[in-house]
Amino acid sequence: MNILVCGGAGFIGSTFVRQRLHEHGDEVTVLDKLTYAGREQNFHDFADDPAFRFVHGAIEDPEAVASALDGLDGLDGLDGLDGVDGGNGGVRARASGPVEAIVNFAAETHVDRSIAEPDAFVKTHALGTYVLLEAARERDLRYVQVSTDEVYGSIEVGTFTESSPLQPSSPYSATKTGADLLVQSYFHTYGLPATIVRGSNNYGPYQYPEKLIPLMVLNALHGDALPVYGDGQQVRNWIHSTDFARAIGHVLAHGAPGEVYNAGGPDEQPNIDVVHRIIALTGASEDQIEHVTDRPGHDRRYSLSSEKVRALGWEPSVRFEDGLAETVTWYRENAWWWEPIRSGDYRSYYERQYGKALS
Ligand code: NAD
Ligand code: TYD
């Protein structure tokens, strides 16, 4: 296939691009704004692939979207990667036919940042999704919206299905819900062949260290405090990013237009247990755990039923225990990836958020 992947410079988007290039032989254009979370380093092992093309731009910018779908028009491409071998030397024309599908990962993704500064969340999720839907409608493209279990809100007991009510609680999840509803309206109103995939909490290589698992792994390795919000008994349903990316590919190939598919991981864990596992894997000390002020409006538990996507032939392959150990090893062995983050703007973000400096 020939696919436009929006937000493909981020954690899950770049994992998806890697799979499409290496496992499916697809042609992929990435359109990405390169926010703090979008990184050219995430292209390090496929930047030279002739089937890969990068366009630097925002999904809320119709010109950037048209350029990524139709042609070049002078947008910046990949001019060589800082500190990474390769780089395809600028924007290239597509090698073959037109784009057939848009897969939209582009988003602001951190709940804590959405509480502190919600404006970018509204713009990217509402306006950005609208611009992409219009572009898909004009060109008759398939469309996949990457979404989250957080649109259902919190569940104490049981598990969410695709028909559970939408009850988002943070500016992040509320704006993601708005985007999902807009996508569904384009199916109902215009017949756009659109699908939505809602994932549970992802973990794995290339995840920006503001999120629980990479934050705790890097802090553990550096001897920094491990900041657990509240009592640490909040439960998350963990899915490895390669499993979630494959679920999205599965829905792209086999999903029915207008349908929503949940893709949850095989294991649920309270946060405090995740932190204990990370301590054991890194050799850190239990004394590093620090219970800090809870997140406002903190969702207690997420849990997804994935029967519908399983019926399409997908199932998760990575158990949390194995995936977490492999992820810790990846962060240990890939300091080139996280060192520029941990020594850059992330330090001031961390100080603002946690009221203390990283070592
Ligand atoms: P990420 O923060 O690592 O990456 C987001 C990417 O989107 C970045 O490359 C960023 O530069 C890009 N981006 C942001 N705003 C943009 C804009 N306006 N125009 C173009 N590009 C823009 O996020 P992620 O964890 O890889 O999440 C990807 C998608 O998966 C998101 O839609 C998120 O809601 C969804 N999701 C994430 C999780 C998770 O646990 N991380 C779970 C379920 C669903
Ligand atoms: P996070 O990775 O931000 O994902 P989400 O909020 O989308 O679930 O957080 C996962 C869980 O970990 C969530 O319950 C909040 C908690 N958490 C902490 O206890 N401490 C931290 O420093 C962070 C970042 C998260």
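Here is a short walk through the model, from the whole protein down to one helix.

**The whole chain.** Keep in mind that you are looking at a predicted model. Show everything as a cartoon and you should find twelve helices and twelve strands. Turn the C-alpha trace along its principal axes, and it spans about 55 × 45 × 35 Å. The radius of gyration is 19 Å, which agrees with the value near 21 Å that a compact globule of 359 residues would have.

**Inside and outside.** Colour by burial next: 57% of the 359 residues are buried. Of the contacts with a separation of 6 or more, 80% are between residues 24 or more positions apart. Now switch on the surface, about 13,900 Å² of it accessible, with 49% belonging to carbon and sulfur atoms. Select the charged side chains and you get 29 positive and 52 negative ones, yet the centres of the two sets lie 2 Å apart.

**Helix H4.** Select residues 119-139. This helix has 21 residues and reaches 30 Å from its first C-alpha to its last, close to the 30 Å expected. Show its side chains and pick out the buried ones, among them Phe121, Thr124, His125, Gly128, Leu132 and Ala136. Glu134 is on the buried list too.

What covers the buried residues of H4? Add these to your selection:

- strands S1 (2-6), S4 (101-104) and S5 (142-148), which are part of the cover
- helices H2 (62-70), H3 (111-116) and H5 (171-190), also included in the cover

**Just past the end.** Finish on aspartate 140, right after H4, where phi is positive at about 60°.

Technical notes: Residues are numbered from 1 along each chain as its sequence is written. Chains are lettered from A and ligands numbered from 1 in the order in which they are written. This is a predicted model: local features need pLDDT of at least 70, side-chain atom pairs count only at pLDDT 80 or more; totals for chains, interfaces and linings use all residues. Side-chain values use heavy atoms; hydrogens and water are left out. Helices (H or I, at least four residues) and strands (E, at least two) are DSSP runs, numbered from the N terminus. The radius of gyration is taken over C-alpha atoms; the globule rule is 2.2 Å times the number of residues to the power 0.38. Buried means under 20% relative accessible area, exposed over 50%, partly exposed in between (1.4 Å probe, protein chains only). Contact means heavy atoms within 4.5 Å. Accessible areas come from the Shrake-Rupley method with a 1.4 Å probe; for residues, only the protein chains shown count as cover. Lys and Arg count as positive and Asp and Glu as negative; His and the chain ends are not counted. The place of a charge is taken as NZ of Lys, CZ of Arg, CG of Asp or CD of Glu. The expected span of a helix is 1.5 Å times one less than its number of residues.
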